[in-house]
Amino acid sequence: MSDASLFSTPHGSSLRCACCGRIEITFRGVPFILRADDLPAIQSVLRRVVETDANADDVWEMQAHTGARPITVHYRYGDLVELADLIHGTSAMLELEEILEEVEGGMGMGNGEWGMMKGE
């Protein structure tokens, strides 16, 4: 993974890999490697969890399927609220990147540099 940071919270961070474009979200020391397309589904699940009437210490089980075998992680409800914030922030930064790329492309500045143009 590259260290192109997208978003961070006190207990987690997200990075985008420069070579494959995948997203690494590390939360409380556990790394999750995702595609940007995975984020809306994860956001939806976490939103439903956050909206439940739960105590901060209630334990929830999160399972992810990998190429080798399923992995199960246990988080307290309060942790899942924090993870939801991290996922939301990561998604927002990816949307911002897309907007900036569109604006940059529309200005004919595809080399990644910003500049000023004199108006008529």
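1. The protein chain of this predicted model has a secondary structure of two helices and six strands. If you walk along the sequence, the elements come in the pattern β-β-β-β-α-β-β-α. That pattern is a handy map to keep beside you for the points below.

2. On the chain as a whole, here are two figures to have at hand. The protein chain has 120 residues, and 26% of them count as buried. Taking contacts between residues at least 6 apart in sequence, 38% join residues at least 24 apart.

3. Next, have a look at the sheet. Four strands make up an open sheet, ordered β1-β2-β3-β4, and their pairing is antiparallel. At the edges sit β1 (4-9) and β4, each of which pairs on one side only. Ignoring direction, neighbouring strands of this sheet are turned against each other by 15° on average.

4. Within that sheet, the β2 and β3 pair is a good place to zoom in. Strand β2 covers residues 12-16 and strand β3 covers residues 23-27; five bridges join the two, which run antiparallel. To find the register on your screen, start from S13, which stands opposite T26 in β3.

5. Which residues does T90 contact, once its neighbours within four places in sequence are left aside? T90 itself is found in helix α2, and its contacts are L6, F7, S14, I23, I25 and L39. Two of these can be placed on strands already described: L6 falls in β1, which spans 4-9, and I25 falls in β3, which spans 23-27. T90 has a relative accessible area of 0%, which is under the 20% cut-off, so this residue counts as buried.

6. Now to the largest pocket, which has a volume of about 540 Å³. Its lining consists of 21 residues, and those nearest the centre are F32, L34, M62, Q63 and A64. The elements giving two or more residues to this lining are β4 (30-34), α1 (39-50), β5 (59-65), β6 (70-76) and α2 (77-106).

7. Which element gives the most to the lining of the largest pocket? That is β5, with six residues. As for chemical class, the lining of the largest pocket has 17 nonpolar residues, three polar ones and one charged one.

8. One last pointer for your own viewing: helix α2 links two of the points above. This helix holds T90, and α2 is also among the elements that give two or more residues to the lining of the largest pocket. Strand β4 likewise appears twice, as an edge strand of the sheet and as a contributor to that lining.

Technical notes. Residues numbered from 1 in each chain as written. Predicted model: local features only at pLDDT ≥ 70, side-chain atom pairs only at ≥ 80, totals over all residues. Heavy atoms only, no water. 1 Å grid on protein atoms, 1.4 Å probe; cavity = no way out; pocket = protein on both sides within 12 Å on 5 of 7 lines; lining within 4 Å. Points joined across faces, edges and corners; volume = space filled by probe spheres on them. Nonpolar A, V, L, I, M, F, W, Y, C, P; charged D, E, K, R; others polar. Pairing = 2+ DSSP bridges. Axes fitted to C-alpha atoms, helices over the stretch in contact; angles between N-to-C directions. Buried < 20%, exposed > 50% of the residue type's maximum accessible area, 1.4 Å probe, protein only. Contact = heavy atoms within 4.5 Å.
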